[in-house]
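Open the structure in your viewer and keep the selection panel at hand. The stops below give a selection each, followed by what is found there.

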Amino acid sequence: MDWHVDVELYDPPQWEVIFTVSNDGDSRTEWMDAASSSVESARTTEASALIVRAGGDRHRVLPSTHGSRVIVKALYTPSARVKTAEFAEALDSAPWRR
């Protein structure tokens, strides 16, 4: 997945949790610190989690040259939120809607 910023589906923006179920490959997650423009990198391990705020730092996942990575992604909103126009667009483009 190339460099991107997660779409804000709610106002205020949601938190996104990416839980790594398994990873026997060499893929890495990179993110760009907005304040310093430095690029950080990590290889997610089994039973680890990354938490990002939608609309936050740019990030990407570098593809594996071997093995595979299995994740579960969930969104968290701590209180009642207003859905953005992007919410409907994301729902309309969901794989199960095709």
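Begin by selecting Glu 30: with a relative accessibility of 13%, this residue counts as buried. The model in view is a predicted one.

Add Arg 60 to the selection. The side chains of Glu 30 and Arg 60 form a salt bridge, with 2.7 Å from N to O. Now show the backbone around both residues: Glu 30 lies in strand 3 (residues 28-32) and Arg 60 in strand 6 (residues 59-62). The two residues are 30 apart in the chain, and the pair links distant parts of it. Is Arg 60 buried or partly exposed? Arg 60 has a relative accessible area of 22% and is partly exposed. Buried requires a value under 20%, so Glu 30 at 13% falls within that class, while Arg 60 at 22% does not.

Next, clear the selection and pick Glu 16. Which side chain does Glu 16 meet in a salt bridge? The partner is Lys 73, at 2.8 Å from N to O. This pair also connects distant parts of the chain: Glu 16 belongs to strand 2 (residues 15-23), Lys 73 to strand 7 (residues 69-76), and 57 residues separate them. Colour the two by accessibility. Glu 16 has a relative accessibility of 3% and counts as buried, whereas Lys 73, at 47%, counts as partly exposed. The upper cut-off matters here: exposed means over 50%, so Lys 73 at 47% stays in the partly exposed class.

With both pairs displayed, the salt bridges are complete, as the count comes to two.

Now switch to a cartoon of the whole chain. There are eight strands and one helix. Followed from the N terminus, the order is β-β-β-β-β-β-β-β-α, so to reach the helix, trace the cartoon past the strands to the last element.

Turn on contacts between residues at least 6 apart in sequence: 82% of them join residues at least 24 apart.

Then select all 98 residues and colour by burial; 22% of them count as buried. Switch to a surface view: the accessible surface comes to about 6,500 Å², and carbon and sulfur atoms account for 56% of that area.

For the charges, select the 11 positive and 15 negative ones; their mean positions lie 4 Å apart.

Finish with the C-alpha trace alone, aligned to its principal axes, along which the trace spans about 40 × 35 × 25 Å.

Definitions and conventions. Residues are numbered from 1 along each chain as its sequence is written. This is a predicted model: local features need pLDDT of at least 70, side-chain atom pairs count only at pLDDT 80 or more; totals for chains, interfaces and linings use all residues. Side-chain values use heavy atoms; hydrogens and water are left out. A salt bridge is a side-chain nitrogen of Lys or Arg within 4 Å of a carboxyl oxygen of Asp or Glu. Helices (H or I, at least four residues) and strands (E, at least two) are DSSP runs, numbered from the N terminus. Buried means under 20% relative accessible area, exposed over 50%, partly exposed in between (1.4 Å probe, protein chains only). Contact means heavy atoms within 4.5 Å. Accessible areas come from the Shrake-Rupley method with a 1.4 Å probe; for residues, only the protein chains shown count as cover. Lys and Arg count as positive and Asp and Glu as negative; His and the chain ends are not counted. The place of a charge is taken as NZ of Lys, CZ of Arg, CG of Asp or CD of Glu.
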